[in-house]
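Hi,

Here is the structure I promised to pass on. Have a look at it first, and then read my notes below.

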Amino acid sequence: MSALSPNIIKVGTRRSALALRQTELVIATLKRAHPHLTFVVDAISTMGDRDKTTPLPELGKGLWTSELEAKLAARDIDFIVHSLKDMPTSLPDGCVLGCVTAREDPRDVVIFNAAHEKKGEYKTLRDLPEGAVVGTSSVRRAAQLRRRYPGLVFRDVRGNIETRLRKCDEEGFDAIILAAAGLLRLDFGARIAQYLDSSTEGGGLLHAVGQGALGLEVREEDERVKELLKAVEDTPTMIACFAERSVMRTLEGGCSVPIGVETAWVEEDGVKKLRLRAVVVSLDGKQAVESERTQEITTLAEAEAMGKVLAEKLAGMGAQQILDDINKGRESGAAVKVGDA
Ligand SMILES: NCc1[nH]cc(CCC(=O)O)c1CC(=O)O
(Lines give C-alpha, C1' and ligand atoms only; values in the text may rest on other atoms or scores of the structure.)
Protein backbone atom coordinates (compact mmCIF):
# COMPACT_ATOMS: atom_id res chain seq x y z
CA MET A 1 0.00 0.00 0.00
CA SER A 2 1.18 3.52 -0.67
CA ALA A 3 1.86 6.09 2.01
CA LEU A 4 -1.63 7.35 1.32
CA SER A 5 -3.20 4.22 2.76
CA PRO A 6 -5.98 5.55 4.95
CA ASN A 7 -5.21 3.00 7.65
CA ILE A 8 -1.63 4.08 8.22
CA ILE A 9 -1.02 7.13 10.35
CA LYS A 10 2.50 8.51 10.42
CA VAL A 11 3.60 10.11 13.67
CA GLY A 12 6.50 12.55 13.81
CA THR A 13 8.68 13.03 16.88
CA ARG A 14 12.15 13.96 17.99
CA ARG A 15 14.55 11.15 18.73
CA SER A 16 15.31 11.79 22.40
CA ALA A 17 14.40 9.07 24.88
CA LEU A 18 11.71 11.34 26.34
CA ALA A 19 10.21 12.22 22.96
CA LEU A 20 10.08 8.55 21.96
CA ARG A 21 8.52 7.56 25.27
CA GLN A 22 5.87 10.27 24.96
CA THR A 23 5.07 9.18 21.42
CA GLU A 24 4.75 5.59 22.58
CA LEU A 25 2.27 6.63 25.30
CA VAL A 26 0.13 8.60 22.83
CA ILE A 27 0.12 5.77 20.29
CA ALA A 28 -0.81 3.16 22.92
CA THR A 29 -3.99 5.11 23.75
CA LEU A 30 -4.80 5.82 20.11
CA LYS A 31 -4.45 2.13 19.21
CA ARG A 32 -6.95 1.15 21.88
CA ALA A 33 -9.43 3.71 20.55
CA HIS A 34 -8.76 2.95 16.87
CA PRO A 35 -7.73 -0.73 16.60
CA HIS A 36 -8.09 -0.74 12.81
CA LEU A 37 -5.30 1.81 12.37
CA THR A 38 -1.55 1.27 12.16
CA PHE A 39 0.71 3.95 13.60
CA VAL A 40 4.20 4.34 12.20
CA VAL A 41 6.77 6.47 14.04
CA ASP A 42 9.07 8.80 12.09
CA ALA A 43 11.72 10.03 14.55
CA ILE A 44 14.15 12.76 13.48
CA SER A 45 16.75 14.90 15.21
CA THR A 46 16.00 18.63 15.17
CA MET A 47 18.34 21.61 15.23
CA GLY A 48 17.98 21.78 19.01
CA ASP A 49 19.15 18.17 19.27
CA ARG A 50 22.11 18.65 16.94
CA ASP A 51 23.47 22.01 18.05
CA LYS A 52 24.43 21.76 21.70
CA THR A 53 26.52 24.90 22.01
CA THR A 54 24.79 27.89 20.36
CA PRO A 55 22.75 29.76 23.00
CA LEU A 56 19.15 28.56 22.68
CA PRO A 57 17.61 31.94 21.74
CA GLU A 58 20.05 32.32 18.85
CA LEU A 59 18.79 29.07 17.40
CA GLY A 60 15.37 30.71 17.05
CA LYS A 61 12.05 29.62 18.37
CA GLY A 62 11.33 26.60 16.26
CA LEU A 63 14.53 24.82 17.22
CA TRP A 64 12.70 21.70 18.41
CA THR A 65 9.83 21.89 15.93
CA SER A 66 10.59 23.40 12.49
CA GLU A 67 11.92 20.31 10.72
CA LEU A 68 8.96 18.28 11.94
CA GLU A 69 6.53 20.96 10.81
CA ALA A 70 8.07 20.97 7.33
CA LYS A 71 7.39 17.21 7.15
CA LEU A 72 3.84 17.73 8.37
CA ALA A 73 3.17 20.35 5.71
CA ALA A 74 4.68 18.06 3.06
CA ARG A 75 2.34 15.23 4.20
CA ASP A 76 5.31 12.98 5.08
CA ILE A 77 3.73 12.66 8.51
CA ASP A 78 0.17 13.11 9.79
CA PHE A 79 0.74 14.59 13.23
CA ILE A 80 3.59 15.48 15.60
CA VAL A 81 3.96 14.68 19.29
CA HIS A 82 5.69 17.56 21.08
CA SER A 83 6.39 18.46 24.68
CA LEU A 84 3.92 21.34 24.67
CA LYS A 85 6.40 23.59 26.42
CA ASP A 86 8.80 23.33 23.48
CA MET A 87 6.15 24.49 20.98
CA PRO A 88 6.31 28.15 19.98
CA THR A 89 3.09 30.03 20.75
CA SER A 90 2.61 30.90 17.07
CA LEU A 91 2.73 28.03 14.57
CA PRO A 92 3.48 28.08 10.83
CA ASP A 93 0.57 28.68 8.46
CA GLY A 94 -1.42 25.52 7.91
CA CYS A 95 -0.31 23.89 11.20
CA VAL A 96 -2.42 23.93 14.38
CA LEU A 97 -2.27 22.63 17.92
CA GLY A 98 -4.97 20.01 17.42
CA CYS A 99 -4.91 18.31 20.77
CA VAL A 100 -3.44 18.60 24.28
CA THR A 101 -3.15 15.48 26.43
CA ALA A 102 -3.61 15.04 30.17
CA ARG A 103 -0.80 16.63 32.09
CA GLU A 104 1.90 14.76 33.90
CA ASP A 105 2.91 16.67 37.06
CA PRO A 106 3.65 20.20 35.72
CA ARG A 107 5.97 21.25 38.55
CA ASP A 108 9.71 21.79 38.54
CA VAL A 109 11.75 19.72 40.95
CA VAL A 110 15.10 19.64 42.72
CA ILE A 111 17.59 16.80 42.21
CA PHE A 112 20.64 16.67 44.45
CA ASN A 113 23.89 15.22 43.19
CA ALA A 114 24.34 11.53 43.93
CA ALA A 115 26.91 12.10 46.70
CA HIS A 116 24.61 14.47 48.61
CA GLU A 117 21.73 12.09 47.96
CA LYS A 118 23.66 9.19 49.45
CA LYS A 119 24.51 11.10 52.61
CA GLY A 120 20.93 12.35 52.85
CA GLU A 121 22.25 15.72 53.91
CA TYR A 122 19.81 17.99 52.04
CA LYS A 123 16.07 17.71 51.60
CA THR A 124 15.20 21.09 50.11
CA LEU A 125 16.85 24.04 48.35
CA ARG A 126 16.69 25.88 51.65
CA ASP A 127 19.12 23.38 53.20
CA LEU A 128 21.90 24.19 50.70
CA PRO A 129 24.80 26.29 52.03
CA GLU A 130 25.80 29.72 50.72
CA GLY A 131 27.61 29.37 47.39
CA ALA A 132 26.11 26.00 46.50
CA VAL A 133 25.90 25.50 42.72
CA VAL A 134 22.50 24.83 41.14
CA GLY A 135 22.23 23.82 37.47
CA THR A 136 19.58 25.14 35.10
CA SER A 137 19.70 26.74 31.65
CA SER A 138 16.29 28.27 32.00
CA VAL A 139 16.15 31.98 32.75
CA ARG A 140 12.66 31.47 34.10
CA ARG A 141 13.94 29.05 36.73
CA ALA A 142 17.17 30.85 37.58
CA ALA A 143 15.57 34.31 37.80
CA GLN A 144 12.72 33.18 40.03
CA LEU A 145 14.97 31.14 42.30
CA ARG A 146 17.61 33.88 42.57
CA ARG A 147 15.01 36.09 44.22
CA ARG A 148 14.19 33.49 46.85
CA TYR A 149 17.62 31.98 47.41
CA PRO A 150 20.13 34.82 46.94
CA GLY A 151 22.97 32.70 48.36
CA LEU A 152 22.84 30.10 45.60
CA VAL A 153 24.91 30.20 42.42
CA PHE A 154 23.12 29.29 39.17
CA ARG A 155 25.02 27.69 36.33
CA ASP A 156 24.01 26.40 32.88
CA VAL A 157 23.37 22.73 32.33
CA ARG A 158 22.34 21.64 28.82
CA GLY A 159 21.48 18.33 27.25
CA ASN A 160 18.69 15.81 27.43
CA ILE A 161 17.49 14.53 30.78
CA GLU A 162 19.93 11.63 31.09
CA THR A 163 22.82 13.97 30.20
CA ARG A 164 21.77 16.53 32.79
CA LEU A 165 21.46 13.92 35.52
CA ARG A 166 24.95 12.70 34.70
CA LYS A 167 26.33 16.25 34.70
CA CYS A 168 24.64 16.87 38.05
CA ASP A 169 26.57 13.97 39.55
CA GLU A 170 29.89 14.49 37.77
CA GLU A 171 30.39 18.16 37.00
CA GLY A 172 30.40 19.98 40.31
CA PHE A 173 26.74 20.77 40.78
CA ASP A 174 25.14 20.47 44.19
CA ALA A 175 21.71 20.24 42.61
CA ILE A 176 19.87 20.76 39.34
CA ILE A 177 16.32 21.84 38.54
CA LEU A 178 14.28 19.82 36.05
CA ALA A 179 10.64 19.31 35.14
CA ALA A 180 8.99 16.50 37.11
CA ALA A 181 7.18 15.33 33.98
CA GLY A 182 10.22 14.24 32.01
CA LEU A 183 11.75 12.47 35.00
CA LEU A 184 8.54 10.62 35.82
CA ARG A 185 7.99 9.54 32.21
CA LEU A 186 11.53 8.17 32.02
CA ASP A 187 11.28 6.42 35.41
CA PHE A 188 13.72 8.71 37.23
CA GLY A 189 11.09 9.70 39.80
CA ALA A 190 13.17 8.24 42.62
CA ARG A 191 15.70 11.05 42.16
CA ILE A 192 13.18 13.82 42.86
CA ALA A 193 14.02 15.40 46.23
CA GLN A 194 11.66 18.38 46.29
CA TYR A 195 8.70 19.64 44.26
CA LEU A 196 8.59 23.39 43.65
CA ASP A 197 5.44 25.44 43.11
CA SER A 198 3.90 28.73 44.22
CA SER A 199 3.42 27.40 47.75
CA THR A 200 6.90 25.97 48.39
CA GLU A 201 8.18 26.79 51.85
CA GLY A 202 11.31 28.89 51.55
CA GLY A 203 10.45 30.11 48.08
CA GLY A 204 8.35 28.99 45.17
CA LEU A 205 8.67 28.70 41.44
CA LEU A 206 6.05 28.89 38.69
CA HIS A 207 6.50 26.39 35.88
CA ALA A 208 6.86 26.95 32.13
CA VAL A 209 3.88 27.49 29.87
CA GLY A 210 2.56 24.07 28.83
CA GLN A 211 4.98 22.15 31.04
CA GLY A 212 4.02 18.52 31.61
CA ALA A 213 1.49 18.35 28.76
CA LEU A 214 1.94 16.99 25.25
CA GLY A 215 0.88 19.04 22.25
CA LEU A 216 -0.19 17.25 19.10
CA GLU A 217 0.29 19.34 15.99
CA VAL A 218 -1.76 18.61 12.86
CA ARG A 219 -2.47 20.11 9.45
CA GLU A 220 -5.20 22.67 9.88
CA GLU A 221 -7.44 21.16 7.21
CA ASP A 222 -7.00 17.53 8.32
CA GLU A 223 -10.36 16.97 10.01
CA ARG A 224 -9.92 13.21 10.03
CA VAL A 225 -6.71 13.24 12.07
CA LYS A 226 -8.08 15.95 14.37
CA GLU A 227 -11.07 13.71 15.04
CA LEU A 228 -8.88 10.64 15.70
CA LEU A 229 -6.82 12.57 18.25
CA LYS A 230 -9.90 13.28 20.40
CA ALA A 231 -9.17 9.90 22.00
CA VAL A 232 -6.07 11.35 23.72
CA GLU A 233 -7.38 14.86 24.37
CA ASP A 234 -7.86 16.08 27.93
CA THR A 235 -10.16 19.06 27.52
CA PRO A 236 -9.59 20.74 30.94
CA THR A 237 -5.81 20.54 30.35
CA MET A 238 -6.19 21.82 26.79
CA ILE A 239 -8.22 24.82 27.99
CA ALA A 240 -5.74 25.60 30.79
CA CYS A 241 -2.79 25.34 28.39
CA PHE A 242 -4.47 27.61 25.82
CA ALA A 243 -4.80 30.22 28.57
CA GLU A 244 -1.11 29.80 29.53
CA ARG A 245 0.01 30.05 25.91
CA SER A 246 -2.07 33.15 25.39
CA VAL A 247 -0.34 34.96 28.29
CA MET A 248 2.99 34.15 26.68
CA ARG A 249 1.91 35.06 23.13
CA THR A 250 0.52 38.40 24.26
CA LEU A 251 3.67 39.34 26.17
CA GLU A 252 6.38 38.11 23.89
CA GLY A 253 5.77 40.21 20.78
CA GLY A 254 8.33 38.26 18.81
CA CYS A 255 10.80 37.37 21.54
CA SER A 256 10.66 34.70 24.18
CA VAL A 257 9.98 35.84 27.69
CA PRO A 258 11.00 34.56 31.14
CA ILE A 259 7.51 33.81 32.35
CA GLY A 260 6.22 31.30 34.88
CA VAL A 261 2.62 30.16 35.17
CA GLU A 262 0.39 27.96 37.27
CA THR A 263 -3.18 26.93 36.44
CA ALA A 264 -5.75 25.05 38.50
CA TRP A 265 -9.43 24.23 38.21
CA VAL A 266 -11.06 25.47 41.40
CA GLU A 267 -14.64 25.57 42.63
CA GLU A 268 -16.09 28.94 43.62
CA ASP A 269 -19.73 29.22 44.72
CA GLY A 270 -20.43 25.81 43.20
CA VAL A 271 -19.02 26.89 39.83
CA LYS A 272 -15.90 25.34 38.32
CA LYS A 273 -13.43 28.05 37.37
CA LEU A 274 -9.94 28.30 35.93
CA ARG A 275 -7.35 30.00 38.13
CA LEU A 276 -4.42 31.32 36.14
CA ARG A 277 -1.32 32.75 37.82
CA ALA A 278 1.66 34.23 36.03
CA VAL A 279 4.97 35.88 36.86
CA VAL A 280 7.37 37.79 34.63
CA VAL A 281 10.92 38.14 35.95
CA SER A 282 13.90 40.26 34.95
CA LEU A 283 16.94 38.29 33.86
CA ASP A 284 18.86 39.04 37.04
CA GLY A 285 15.88 38.09 39.17
CA LYS A 286 15.82 41.54 40.77
CA GLN A 287 12.37 42.48 39.49
CA ALA A 288 9.24 40.40 39.21
CA VAL A 289 5.62 41.15 38.40
CA GLU A 290 3.00 38.65 39.46
CA SER A 291 -0.74 38.43 39.08
CA GLU A 292 -3.66 36.01 38.83
CA ARG A 293 -7.26 35.70 37.59
CA THR A 294 -9.99 33.21 38.33
CA GLN A 295 -12.79 32.91 35.80
CA GLU A 296 -15.41 30.53 34.47
CA ILE A 297 -14.05 29.25 31.15
CA THR A 298 -15.65 26.74 28.82
CA THR A 299 -14.06 27.29 25.42
CA LEU A 300 -10.57 27.64 23.98
CA ALA A 301 -11.46 31.12 22.73
CA GLU A 302 -12.44 32.18 26.27
CA ALA A 303 -9.21 30.70 27.61
CA GLU A 304 -7.19 32.75 25.10
CA ALA A 305 -9.12 35.89 25.98
CA MET A 306 -8.45 35.28 29.69
CA GLY A 307 -4.73 34.84 29.06
CA LYS A 308 -4.64 38.06 27.07
CA VAL A 309 -6.35 40.02 29.85
CA LEU A 310 -3.91 38.71 32.45
CA ALA A 311 -0.94 39.47 30.17
CA GLU A 312 -2.15 43.03 29.61
CA LYS A 313 -2.56 43.47 33.34
CA LEU A 314 0.99 42.22 33.93
CA ALA A 315 2.30 44.54 31.20
CA GLY A 316 0.66 47.51 32.96
CA MET A 317 2.11 46.44 36.30
CA GLY A 318 5.70 46.62 35.03
CA ALA A 319 6.19 43.48 32.96
CA GLN A 320 6.41 45.66 29.84
CA GLN A 321 9.38 47.50 31.33
CA ILE A 322 11.10 44.21 32.12
CA LEU A 323 10.51 43.00 28.55
CA ASP A 324 11.67 46.29 27.00
CA ASP A 325 14.89 45.99 29.00
CA ILE A 326 15.41 42.45 27.70
CA ASN A 327 14.82 43.63 24.12
CA LYS A 328 17.22 46.54 24.57
CA GLY A 329 19.84 44.09 25.77
CA ARG A 330 19.27 42.04 22.62
CA GLU A 331 19.55 45.03 20.31
CA SER A 332 22.82 46.10 21.90
CA GLY A 333 24.17 42.65 21.13
CA ALA A 334 24.46 41.51 24.74
CA ALA A 335 24.27 37.78 25.14
CA VAL A 336 20.77 37.67 26.51
CA LYS A 337 19.64 34.16 27.23
CA VAL A 338 15.94 33.58 27.35
CA GLY A 339 13.99 30.46 26.59
CA ASP A 340 12.97 27.54 28.65
CA ALA A 341 15.55 24.81 28.66
N1 LIG B 1 13.19 21.89 26.95
C2 LIG B 1 13.41 20.77 27.75
C3 LIG B 1 12.22 19.98 28.10
N4 LIG B 1 11.11 19.96 27.35
C5 LIG B 1 10.18 19.13 27.96
C6 LIG B 1 10.76 18.64 29.09
C7 LIG B 1 10.12 17.67 30.00
C8 LIG B 1 8.95 18.09 30.76
C9 LIG B 1 7.73 18.62 30.11
O10 LIG B 1 7.03 17.96 29.34
O11 LIG B 1 7.42 19.76 30.41
C12 LIG B 1 12.06 19.16 29.20
C13 LIG B 1 13.07 18.90 30.22
C14 LIG B 1 12.97 19.76 31.45
O15 LIG B 1 12.62 20.94 31.36
O16 LIG B 1 13.29 19.28 32.53
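Eleven residues surround the ligand in this predicted model, and the nearest of them are Ser83, Leu178, Ala179, Ala181 and Gly182. Two elements each give two or more residues to that shell: strand 8 (175-179) and helix 7 (180-185). By class, the shell has five nonpolar, four polar and two charged residues.

Now for the domains. The chain splits into domain 1 (1-101 + 213-233), domain 2 (108-196) and domain 3 (234-341). The ligand lies between domain 1 and domain 2, because both of them give residues to its shell.

Domain 2 also touches domain 3, with nine residues from domain 2 and 13 residues from domain 3 in the contact. On the domain 2 side, those residues are two nonpolar, three polar and four charged. The centres of these two domains, taken over C-alpha atoms, are 24 Å apart.

Then there's the inside. The largest nonpolar core counts 83 residues, and Ile111, Ile176, Ala243, Val247, Leu251, Ile259 and Val280 have the most contacts within it. Take Val247: beyond its neighbours within four places in sequence, Val247 is in contact with Ile259, Val261, Ala278, Gly307, Leu310 and Ala311. As a rule, nonpolar side chains in soluble globular proteins tend to be buried together.

One last residue to look up is Arg75, in the loop between helix 3 (66-73) and strand 3 (79-83). Is Arg75 buried or exposed? Arg75 counts as exposed, because just 12 other C-beta atoms lie within 10 Å and the cut-off for exposed is 12 or fewer. From Arg75 to Ala132 is 57 residues in sequence and 50 Å in space, C-alpha to C-alpha.

Cheers

Terms used:
Residues numbered from 1 in each chain as written. Predicted model: local features only at pLDDT ≥ 70, side-chain atom pairs only at ≥ 80, totals over all residues. Helix = DSSP H or I, 4+ residues; strand = E, 2+ residues; numbered from the N terminus. Buried ≥ 20, exposed ≤ 12 C-beta atoms within 10 Å, placed from the backbone. Core = buried A, V, L, I, M, F, W, Y, C linked by C-beta atoms within 7 Å. Contact = placed C-beta atoms within 7 Å. Near = placed C-beta within 6 Å. Nonpolar A, V, L, I, M, F, W, Y, C, P; charged D, E, K, R; others polar. Domains from an automatic or database assignment.
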